[in-house]
Amino acid sequence: MKLAGCAENVSMTRRGLLGAAALSGLASAGLSTSLAFAAEPGYRGDTLVVLSLRGGFDGLSAIAPIGDPDYYKARPTIGLPKSQVIAGDGTFGLHPALAPLLPAWKAGQLAAVHAVGQGNPTRSHFAAMEAMENAAPGTSIRTGWLDRMLGATGASGPLAGVSVGHAMPARLFAGPAPAVSMSSIDKFTLAGDSDKRPIAAALRQMYADGPAIAADKAVTALRTLPAARSATTYPATELGAALRDVARLIKAKSGLVTAAVDCGDWDMHDALGTAVKGQRMYDNLTELATALAAFTADLGPDGMAGVTLLTISEFGRRVEENGSRGADHGHGNAMLLLGGGVRGGKVYANWPGLSPGALVAGDLAVTTDYRSVIGEILRSRCGFGALDAVFPGVKPSSFGLATLRS
């Protein structure tokens with residue numbers, strides 16, 4: 001999938017890519033670095049994989065509130081018919097394009113949380129993404145929340161934090177903790193690091209520490225990874241390639257604490273379509289589900305036992321469909337959670353309902369802060385006793401989303 005939709009979304013992504021290339025003089029195409037080293041190693045929690053669904057994911061299509069009659073009143077042509085859901089509880093139903101993930105759902109490894117979002121109901125892609133990745137509204141903090149997570153764990157390895165793919169979520173890792181961005185493992189290198197143009201070698205002599213040396217350490221670490229071997233076939237998509245690299249880092253025991261991956265083209269103002277193959281939402285969900293299913297199969301039960309993947313999106317879509325059989329920028333949304341420690345096969349929600357009086361300016365009301373959902377995972381699976389170091393002033397949700405990691 002590629003980013004598409006309103007012009008702001010596309011331009012924001014380009015700015016994000018430029019922002020990620022802060023060391024462009026040192027980096028090859030597709031490479032950016034922002035590294036420093038924390039003091040204490042020894043992280044023992046899950047590898048946290050954050051999948052950003054760019055453009056405003058329509059949680060009302062993916063995890064449809066089929067038990068709410070106002071859903072069908074608001075979406076007479078794009079609403080998911082009850083007859084087509086593949087799992088659920090009568091209140092919510094999974095879109096049929098998520099069928100590749102049905103085994104994970106039945107095995108209790110896949111869950112959803114609905115009516116989540118940010119406190120500020122902005123409909124600007126740029127403002128919403130910036131706020132979501134900073135995740136510290138009302139404070140002077142300017143780092144990204146994954147940077148703060150890494151700092152709190154004391155992770156010090158050159159591959160502790162990695163973003164993979166062509167659309168790099170630089171703001172998540174903004175700050176001093178170890179993080180490196182790459183288009184792919186095999187293309188990661190310092191520009192000019194060759195016999196003819198030994199730029200990296202010169203930098204090693206000039207500086208004993210700093211981003212250039214840290215980047216060099218990351219390159220060296222990647223060169224020692226075992227060759228990519230997997231019996232799993234990933235889809236030939238950017239998301240599939242990125243998740244394959246993340247799985248490779250996990251299987252190689254590279255010291256990966258957290259990984260960030262992007263998946264775009266969710267800005268469906270028009271032609272969202274019905275729940276059949278060839279329709280935009282159906283095909284995008286199929287690509288997403290196929291890539292996640294491959295990632296799960298590649299790691300296997302033992303690998304997934306120490307991994308939690310969660311999705312975030314800057315906002316959801318409006319409840320009412322528009323005249324172009326799409327949905328405009330909204331507010332409340334759904335998150336997906338995938339992992340061996342997830343208590344899955346269930347949709348968690350403090351559901352506010354979709355009656356006109358329950359909506360917020362035409363949007364699904366947010367009853368759960370997305371940070372509290374992540375906070376519950378940080379507490380249960382990543383060993384965090386308190387969240388203030390990552391999400392100031394936020395308490396974890398109490399849904400019981402995951403088992404306590406021993």
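**View 1. Helices and strands of the predicted model.** Helices and strands here are DSSP runs: H or I over at least four residues for a helix, E over at least two for a strand. The model is predicted. The protein holds eleven helices and twelve strands. Among contacts between residues at least 6 apart in sequence, 74% join residues at least 24 apart.

**View 2. Surface and burial.** The protein has 406 residues, and 56% of them are buried. Its accessible surface comes to about 15,800 Å². Carbon and sulfur atoms account for 54% of that surface.

**View 3. Cys-263.** This close-up centres on one cysteine. Is Cys-263 buried or exposed? Buried means under 20% relative accessible area. Cys-263 has 3% relative accessibility, so Cys-263 counts as buried.

**View 4. Cys-382, and the disulfide count.** A second cysteine is shown here. The relative accessibility of Cys-382 is 5%, and therefore Cys-382 is classed as buried. How many disulfides does the protein have? A disulfide needs a pair of cysteine sulfur atoms within 2.5 Å. By this rule the count is zero.

**View 5. Confidence, with residues 9-40 and 202-209.** Mean pLDDT for the protein is 85. A pLDDT of 70 or more is reached by 80% of its residues. Over residues 9-40 the pLDDT is below 50. Beyond near neighbours in sequence, the 9-40 stretch has 82 contacts in the model. Residues 202-209 also have pLDDT below 50. Beyond near neighbours in sequence, the 202-209 stretch has eight contacts in the model.

Terms used:
Residues are numbered from 1 along each chain as its sequence is written. This is a predicted model: local features need pLDDT of at least 70, side-chain atom pairs count only at pLDDT 80 or more; totals for chains, interfaces and linings use all residues. Side-chain values use heavy atoms; hydrogens and water are left out. Buried means under 20% relative accessible area, exposed over 50%, partly exposed in between (1.4 Å probe, protein chains only). Contact means heavy atoms within 4.5 Å. Accessible areas come from the Shrake-Rupley method with a 1.4 Å probe; for residues, only the protein chains shown count as cover. pLDDT is the predictor's confidence in each residue, from 0 to 100.
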